[in-house]
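Student: Please take me through one part of this structure up close. Give me the cut-offs as you go.

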Amino acid sequence: MPGNPRNGRPYRRLCDAQRALGLPCWWCGKVIRYDITGPLAGRHRDAFTLDHAVPLSRGGDLLDPANARSAHRRCNSARGNRTDPARQPVRASRRW
């Protein structure tokens, strides 16, 4: 039984190449904190994550560089499996 493909060398190589570009978040357009690495990167909302333009659940390729995008962890999680970055979720104010 094969392991998680996101733990493999090709996926890590793709993440490193995308991180080296130093691009802003493709979802919100703001600067990504590329300096956050290690275990803290898995919890910090402004840390870099590799996002996929065509989500894997909709047939996107895990290792295709043309499908790879730089994103904040919070943006990647909030986006879910939507494909259109222009349709950002409407965030309601808590002050009603």
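Tutor: Let's start with a side-chain detail: the charged end of Arg69 lies over the ring of Trp26, 5.6 Å from the ring centre (the test is NZ of Lys or CZ of Arg within 6 Å of the ring centre and within 35 degrees of the ring normal). Keep in mind that this is a predicted model, where local features need pLDDT of at least 70 and side-chain atom pairs count only at pLDDT 80 or more, while totals for chains, interfaces and linings use all residues. Numbering runs from 1 along each chain as its sequence is written, and side-chain values use heavy atoms, leaving out hydrogens and water.

Now for helix 1 (helices are DSSP runs of H or I, at least four residues; strands are E runs of at least two, both numbered from the N terminus). Its buried residues are Tyr11, Leu14, Cys15 and Gln18 (buried is under 20% relative accessible area, exposed over 50%, partly exposed in between, with a 1.4 Å probe and protein chains only). They span an arc of only 100° around the axis, so they end up on the same side of helix 1; the arc is taken from the directions from the helix axis to the C-beta atoms. The face turned away from that buried side has Arg9, Arg13 and Ala20 exposed.

Strand 1 and strand 2 are among what covers the buried residues. Beyond its neighbours within four places in sequence, Leu50 is in contact with Tyr11, Leu14, Cys15 and Gln18, and also with Ala68, Arg69 and Asn76 (contact means heavy atoms within 4.5 Å). Just past helix 1, Gly22 has a positive phi of about 65°.
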